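The following exercises are meant to be worked through with the chain on screen. Try each task before reading the solution beneath it.

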Amino acid sequence: MNTIQDEAKLHTFLKSVDSNIEKLNDKKIIAFFEFLGLKDREDIPKDFLDWENILVVLPNREMLNEIKKYKDSIYRISFVTNANAKQIHIYDMNDWKSATQKKTALQIRQFLKTNFGGVPKTSEDPDWIKLL
């Protein structure tokens, strides 16, 4: 005697529920990005919902502390701080993993100066920025 009466029907039902959960989570991601002011920015990729996981790059710890509480309620997003970034950026987490794989913390810090939202310092930057 089987414990589950109709296993195929159960799997179909669970797949349907999972699909609905994914759609609702996509709505959460869209709303979250909209409230971060990312909706109309030209530099934000439009296919971010196709990514397996989304990396949100923040320019400072204050922003991270303000929004990290949403990580647990929105599936598929992660956060990282890049002090070299001037604004919030999003990236495919797989790109981050492949770019930072086998790098030391120092190498990653150097890498972030010009990648994943990092902006190279120019001679036009005020002197106090160069000290950071």
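**Exercise 1.** Among contacts in the chain between residues at least 6 apart in sequence, what percentage join residues at least 24 apart?

Solution. This is a predicted model, in which local features need pLDDT of at least 70 and side-chain atom pairs count only at pLDDT 80 or more, while totals for chains, interfaces and linings use all residues. Residues are numbered from 1 along each chain as its sequence is written, and side-chain values use heavy atoms, with hydrogens and water left out. With contact taken as heavy atoms within 4.5 Å, the share is 63%.

**Exercise 2.** Work out in what order the strands of the sheet lie, and which strands stand at its edges.

Solution. Begin with the elements, where helices (H or I, at least four residues) and strands (E, at least two) are DSSP runs numbered from the N terminus; the chain has five helices and three strands, running α-β-α-β-β-α-α-α from the N terminus on. Next, count two strands as paired if DSSP finds at least two bridges between them; the three strands then form an open sheet of mixed pairing in the order 2-1-3. Strand 2 (77-81) and strand 3 (89-92) are therefore the edges, each having a single partner strand and one side without a neighbour in the sheet. Strand 1 (residues 54-58) runs parallel to strand 2 and is joined to strand 2 by five bridges, and in one of these pairings Val56 has Phe79 of strand 2 as its bridge partner. Finally, helix 3 (residues 93-100) packs on the sheet and touches strand 1, strand 2 and strand 3.

**Exercise 3.** Find the salt bridges, and decide for each partner whose accessibility is given if that residue is buried or partly exposed.

Solution. A salt bridge is a side-chain nitrogen of Lys or Arg within 4 Å of a carboxyl oxygen of Asp or Glu, and the structure holds two. In one, Arg76 pairs with Asp26, the closest N and O atoms being 2.7 Å apart. Arg76 lies in the loop between helix 2 (61-67) and strand 2, and Asp26 in helix 1, so this pair ties together parts that are 50 residues apart in sequence. In the other, Asp43 pairs with Arg41, with the closest N and O atoms 2.8 Å apart.

For burial, the cut-offs are under 20% relative accessible area for buried, over 50% for exposed and partly exposed in between (1.4 Å probe, protein chains only). Arg76, at 14%, therefore counts as buried, as does Arg41 at 16%, whereas Asp43, at 42%, is partly exposed.

Note on methods:
Axes are lines fitted to C-alpha atoms, for helices over the stretch in contact, and angles run from 0 to 180 degrees between N-to-C directions.
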